Amino acid sequence: MIPLIKGVRDIFPPDSELWGHIKKEAENLFRDFGFSEILIPIMEKTELFKRGIGEQTDIVEKEMYTFADRNGESATLRPEATASIARSYISHKMYADDPIRKFYTIGPMFRRERPQKGRYRQFYQIDAEIFGQSSPYADAQLIIMLKTLMDRLKVKDTTLHINSLGCVKCRPAFNDSFKNFLIKISDNLCRNCQTRANTNPLRTLDCKNKSCSDFTKKAPKISDFLCEECKEHFATVCEALKDTNIDFQINNRLVRGLDYYTKTAFEIQTDALGAQNAIAGGGRYDGLVKLLGGPDMPAVGFAIGFDRLAEIIALNNVSYTQKPEIFIAALGKQCIKEAFLWMSALNAVGIKTETEFSEKSLKSLMRRAGKIGALNVIIIGERELEKKEALFRDMNTKKQIEIKLDNPVKNIIEILSKKAV
Ligand code: HAM
């Protein structure tokens, strides 16, 4: 057997049934909110992520799957979707026709992190982005959409954390003050944070090391540095969330791990998954489109960690496997042939039907029907076939009726629709 690469995994039934359910709910909801699907490549030029996510982020510094393509160009497996969607928005000049665009995409991302529960090297994201809207109501709309999805999927015990990271006007003063503070407490920081103090100071707020988190508690707060525009923007987002009854916590330690954020940043966190507590994260990134060579265009978005979301929903212990409506227990060669024809016709009209193609005893066929959870069984032997009648058995009530075989598919559909009323 050839083992899997570390940190990647297969998603198969019943988990894949739950994944299908989540995907369908998300797509239906996003479409209702006016989002359209966008499909972006799995690989991009390395430069896109370096510039978009930031050279000094953990993702770019140590987590990307980067390789030299055969022509010598550097390519990278996408670690996230936002930079690619922004690239697509720019390269197709979508802004020229209608700058306001709302996209979603669902698919695999790749980051070479240390694998553990909830953290994989190939993981999946459900991503949504809005381009061309600077209003705080766009931020609020995204958060509402995210929370609505969590409610529909019955995800319990989550907390929405929200912060403002300021903008190009107010962030530099905060960064300076924050850096100076870190220099003063440098001896109390772990080695990693001592390096971060120079390269990516705000990431020290994320450090799980107790000494680091204790000492950075007294760090200057971004909220004290926000310019009037950022303050007002943040206040409007918070007010819109209150007005729509969405609970949230202002968390001024929330910094996010990608460099492109401006103004609003948010995360949905849970205690249910151990160390990997972020189910979703996002925020505004008003500078990214320009940074990637496009016009000055505001944007905001989020990504849900599909794997983590599925792991939390799985705790509810609900089965998403659709049981067969019909199992045809066919005895003997001739009946198997008939069963095959009925099954094909029923499947084609959307009635989940199973049968068994090899000759088996009735006992073993009924065992199989039970094992796959068939709701009804049609029993047909050579004698019944001759009489043009079969038995229709409701596996729940155990009631049996006779079913005419003059037009079996029509008759089966009729019985099922009578049962449904
Ligand atoms: P992110 O916070 O890096 O943001 O990732 C979003 C979510 O993806 C995380 O909250 C987490 O649930 C999931 N995730 C990240 N890494 C892993 C992993 N190794 N294994 C399993 N799940 C993981 C972004 O990616 C931004 N592009 C979000 C965004 C969209 N911001 C604006 N628009």
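In this predicted model, an oxygen atom of the ligand is placed 2.8 Å from a polar backbone atom of Ala-278. Taken alone, the ligand would expose 660 Å², and the protein buries 96% of that area. Two further approaches involve nitrogen atoms of the ligand: one such atom lies 2.7 Å from an N or O atom in the side chain of Glu-113, while a backbone N or O atom of Phe-302 is found 3.3 Å from a nitrogen atom of the ligand. The shell around the ligand comprises 27 residues, and the closest of these are Glu-80, Thr-82, Glu-113, Tyr-261 and Ala-278. Sorted by class, this shell contains 11 nonpolar, eight polar and eight charged residues.

With regard to secondary structure, at least two residues of the ligand shell are supplied by each of strand E6 (122–131), strand E10 (278–284) and strand E11 (299–305). Strand E10 makes the greatest contribution, giving six residues to the shell.

Strand E11 also contains Ile-304, a residue that counts as buried because its relative accessible area, 0%, falls under the 20% cut-off. Ile-304 and Gly-282 are separated by 22 residues in sequence, and the distance between their C-alpha atoms is 8.6 Å. Helix H12, which spans residues 306–314, is largely enclosed by the rest of the structure, since eight of its nine residues are buried. The buried residues of helix H12 are Phe-306, Asp-307, Arg-308, Leu-309, Ala-310, Glu-311, Ile-312 and Ile-313.

Attention may next be given to the open spaces of the protein, among them the second largest pocket, for which a volume of about 850 Å³ was computed. The lining of this second largest pocket is formed by 36 residues, and those nearest its centre are Val-168, Arg-171, Asp-259, Tyr-261 and Thr-262. Two or more lining residues are given by each of helix H2 (46–53), helix H7 (171–185), strand E9 (262–270) and helix H11 (288–291), and the largest share, four residues, comes from helix H7. By class, the lining of the second largest pocket consists of 14 nonpolar, nine polar and 13 charged residues. Tyr-261 appears in two of these settings, being listed among the closest residues to the ligand and among the residues nearest the centre of the second largest pocket.

Enclosed space was examined as well, and the count of cavities of 30 Å³ or more comes to one. The largest cavity holds about 40 Å³ of space, and its lining is made up of Asn-163, Leu-165, Arg-171, Phe-174, Leu-202, Leu-205, Ile-222, Asn-252, Leu-254 and Val-255. Seven of these lining residues are classed as nonpolar, two as polar and one as charged. Arg-171 thus has a place both in the lining of the largest cavity and among the residues nearest the centre of the second largest pocket.

A final local feature concerns Glu-389, which is found in strand E15, the segment covering residues 389–394. Glu-389 is assigned to the buried class because its relative accessible area of 16% is under 20%. The side chain of Glu-389 makes a polar contact, at 2.9 Å, with the side chain of Lys-404.

Terms used
Residues numbered from 1 in each chain as written. Predicted model: local features only at pLDDT ≥ 70, side-chain atom pairs only at ≥ 80, totals over all residues. Heavy atoms only, no water. Near = heavy atom within 4 Å. Polar contact = N/O pair within 3.5 Å; in protein donor to acceptor, adjacent residues only side chain to side chain. Areas by Shrake-Rupley, 256 points an atom, 1.4 Å probe, with all protein chains shown as cover. Nonpolar A, V, L, I, M, F, W, Y, C, P; charged D, E, K, R; others polar. 1 Å grid on protein atoms, 1.4 Å probe; cavity = no way out; pocket = protein on both sides within 12 Å on 5 of 7 lines; lining within 4 Å. Points joined across faces, edges and corners; volume = space filled by probe spheres on them. Buried < 20%, exposed > 50% of the residue type's maximum accessible area, 1.4 Å probe, protein only.
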